[in-house]
Amino acid sequence: MHFILDSIPHFDTTDDGKFTLRQNVLILLDILIGVVLFVIFYDKISHPVAFISGAFGCLLPDILDVAPFWKKNFQKTWFGDKMHYVHDKIQAIKIGPFLGLSIQAIFIAFSVLILILK
Ligand SMILES: [Zn+2]
(Lines give C-alpha, C1' and ligand atoms only; values in the text may rest on other atoms or scores of the structure.)
Protein backbone atom coordinates (compact mmCIF):
# COMPACT_ATOMS: atom_id res chain seq x y z
CA MET A 1 0.00 0.00 0.00
CA HIS A 2 2.84 2.40 0.84
CA PHE A 3 4.32 2.20 -2.64
CA ILE A 4 0.91 2.64 -4.30
CA LEU A 5 0.32 5.81 -2.28
CA ASP A 6 3.90 6.98 -2.93
CA SER A 7 3.25 6.70 -6.66
CA ILE A 8 0.58 9.43 -6.37
CA PRO A 9 2.38 12.78 -6.84
CA HIS A 10 2.72 14.42 -3.43
CA PHE A 11 4.91 16.85 -1.51
CA ASP A 12 7.82 15.26 0.32
CA THR A 13 9.32 16.87 3.36
CA THR A 14 12.68 15.16 3.50
CA ASP A 15 14.81 18.36 3.48
CA ASP A 16 17.69 16.35 1.98
CA GLY A 17 17.59 13.79 4.77
CA LYS A 18 18.17 16.32 7.56
CA PHE A 19 15.90 16.91 10.51
CA THR A 20 15.38 20.63 10.08
CA LEU A 21 12.90 22.58 12.21
CA ARG A 22 10.47 22.58 9.26
CA GLN A 23 10.88 18.82 8.88
CA ASN A 24 10.25 18.22 12.60
CA VAL A 25 7.17 20.47 12.62
CA LEU A 26 5.71 18.68 9.57
CA ILE A 27 6.39 15.24 11.09
CA LEU A 28 4.73 16.27 14.37
CA LEU A 29 1.75 17.75 12.47
CA ASP A 30 1.44 14.54 10.46
CA ILE A 31 1.44 12.43 13.64
CA LEU A 32 -0.99 14.82 15.39
CA ILE A 33 -3.46 14.75 12.48
CA GLY A 34 -3.24 10.94 12.41
CA VAL A 35 -3.89 10.64 16.17
CA VAL A 36 -6.79 13.13 16.04
CA LEU A 37 -8.41 11.28 13.12
CA PHE A 38 -7.86 7.95 14.91
CA VAL A 39 -9.59 9.26 18.07
CA ILE A 40 -12.47 10.83 16.09
CA PHE A 41 -13.11 7.67 14.09
CA TYR A 42 -12.21 5.14 16.81
CA ASP A 43 -15.81 3.89 17.03
CA LYS A 44 -15.86 3.16 13.29
CA ILE A 45 -12.67 1.08 13.45
CA SER A 46 -13.73 -2.49 14.12
CA HIS A 47 -10.21 -3.84 14.92
CA PRO A 48 -8.03 -1.03 16.35
CA VAL A 49 -4.95 -3.25 16.87
CA ALA A 50 -5.13 -4.44 13.25
CA PHE A 51 -5.67 -0.82 12.15
CA ILE A 52 -2.60 0.43 14.06
CA SER A 53 -0.53 -2.54 12.84
CA GLY A 54 -1.56 -1.79 9.26
CA ALA A 55 -0.75 1.90 9.67
CA PHE A 56 2.69 1.04 11.10
CA GLY A 57 3.32 -1.45 8.30
CA CYS A 58 2.37 1.20 5.75
CA LEU A 59 4.83 3.66 7.33
CA LEU A 60 7.63 1.10 7.63
CA PRO A 61 9.21 1.71 4.19
CA ASP A 62 9.72 5.42 5.05
CA ILE A 63 10.87 4.59 8.59
CA LEU A 64 13.53 2.22 7.20
CA ASP A 65 14.51 4.05 4.02
CA VAL A 66 14.14 7.74 4.90
CA ALA A 67 14.86 8.18 8.63
CA PRO A 68 18.39 9.64 8.82
CA PHE A 69 19.33 7.59 11.92
CA TRP A 70 19.86 4.31 10.05
CA LYS A 71 18.98 4.85 6.37
CA LYS A 72 22.61 4.64 5.17
CA ASN A 73 23.15 1.32 6.99
CA PHE A 74 19.77 0.02 5.78
CA GLN A 75 20.52 0.98 2.19
CA LYS A 76 23.86 -0.91 2.37
CA THR A 77 21.98 -4.20 2.84
CA TRP A 78 20.83 -6.19 -0.19
CA PHE A 79 17.16 -5.69 0.70
CA GLY A 80 17.63 -2.02 1.62
CA ASP A 81 19.42 -1.33 -1.65
CA LYS A 82 16.63 -2.93 -3.72
CA MET A 83 13.89 -1.28 -1.71
CA HIS A 84 15.56 2.15 -1.94
CA TYR A 85 15.84 1.75 -5.74
CA VAL A 86 12.12 0.94 -6.04
CA HIS A 87 11.15 3.62 -3.50
CA ASP A 88 13.13 6.26 -5.37
CA LYS A 89 11.77 5.28 -8.82
CA ILE A 90 8.16 5.28 -7.61
CA GLN A 91 8.50 8.86 -6.42
CA ALA A 92 9.98 10.06 -9.70
CA ILE A 93 7.40 12.81 -10.14
CA LYS A 94 8.46 15.74 -7.95
CA ILE A 95 5.92 18.50 -7.45
CA GLY A 96 5.81 21.67 -5.37
CA PRO A 97 4.21 22.14 -1.95
CA PHE A 98 0.94 23.74 -3.11
CA LEU A 99 -0.03 21.07 -5.63
CA GLY A 100 1.45 18.26 -3.52
CA LEU A 101 -0.31 19.27 -0.32
CA SER A 102 -3.55 19.88 -2.28
CA ILE A 103 -3.46 16.33 -3.65
CA GLN A 104 -2.77 15.00 -0.14
CA ALA A 105 -5.65 17.06 1.33
CA ILE A 106 -8.03 15.71 -1.32
CA PHE A 107 -6.89 12.15 -0.60
CA ILE A 108 -7.33 12.65 3.18
CA ALA A 109 -10.78 14.20 2.66
CA PHE A 110 -11.78 11.26 0.45
CA SER A 111 -10.51 8.78 3.08
CA VAL A 112 -12.39 10.58 5.88
CA LEU A 113 -15.53 10.59 3.72
CA ILE A 114 -15.26 6.81 3.35
CA LEU A 115 -15.02 6.49 7.16
CA ILE A 116 -18.00 8.82 7.69
CA LEU A 117 -20.15 6.88 5.21
CA LYS A 118 -19.19 3.52 6.75
ZN1 LIG B 1 7.72 6.43 0.90
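This note goes through the predicted model point by point, from the overall fold to single helices and residues.

1. Basis. Numbering starts at 1 along each chain, following the sequence as written. The model is predicted: local features need pLDDT of at least 70, side-chain atom pairs count only at pLDDT 80 or more, and totals for chains, interfaces and linings use all residues.

2. Overall fold. The protein chain has six helices and zero strands. Helices here are DSSP runs (H or I, at least four residues), strands are E runs of at least two, and numbering goes from the N terminus. In that direction the elements read α-α-α-α-α-α. The C-alpha trace spans about 45 × 30 × 25 Å along its principal axes.

3. Burial and contacts. Of the 118 residues in the protein chain, 0% are buried. Buried means 20 or more other C-beta atoms within 10 Å of a residue's own; exposed means 12 or fewer; partly exposed is in between, with C-beta atoms placed from the backbone. Take the contacts with a separation of 6 or more: 66% of them join residues 24 or more positions apart. A contact requires C-beta atoms, placed from the backbone, within 7 Å.

4. Helix 2. This helix covers residues 21–40, 20 residues in total. From first C-alpha to last it reaches 28 Å, close to the 28 Å expected at 1.5 Å a residue. The expected span is 1.5 Å times one less than the number of residues. Helix 2 lies largely in the open, because the number of its residues that are buried is zero.

5. Val 39. This residue sits in helix 2. Val 39 is exposed, with 9 other C-beta atoms within 10 Å. Gly 54 is 15 residues away along the chain, and the two C-alpha atoms are separated by 16 Å.

6. Helix 3. Its 18 residues should span 26 Å at 1.5 Å a residue, and the end C-alpha atoms are indeed 26 Å apart. Look at Leu 59, though: a kink of about 40° lies there, shortly before the proline Pro 61. The bend at a residue is the angle between axes fitted to the seven residues ending there and the seven starting there. Helix 3 is hardly covered, with zero buried residues.

7. Gly 57. This glycine belongs to helix 3. Gly 57 is exposed, with 11 other C-beta atoms within 10 Å. His 2 is 55 residues from Gly 57 in sequence, yet 8.4 Å away in space, C-alpha to C-alpha.

8. Helix 3 against helix 5. The axes of helix 3 (residues 48–65) and helix 5 (residues 78–90) come within 11 Å and cross at roughly 110°. That makes the two helices roughly perpendicular (65 to 115 degrees; under 35 is roughly parallel, over 145 roughly antiparallel, the rest oblique). Pro 61, Leu 64 and Asp 65 in helix 3 meet Gly 80, Met 83, His 84 and His 87 in helix 5. By class, this contact has three nonpolar, three polar and one charged residues.

9. Helix 6. Residues 97–117 form this helix of 21 residues. Its end-to-end C-alpha reach is 30 Å, close to the 30 Å expected. Helix 6 is hardly covered: zero of its residues are buried.

Definitions and conventions. Axes are lines fitted to C-alpha atoms, for helices over the stretch in contact, and angles run from 0 to 180 degrees between N-to-C directions. Two residues are in contact if their C-beta atoms, placed from the backbone, lie within 7 Å. Ala, Val, Leu, Ile, Met, Phe, Trp, Tyr, Cys and Pro count as nonpolar, Asp, Glu, Lys and Arg as charged, and the others, Gly among them, as polar.
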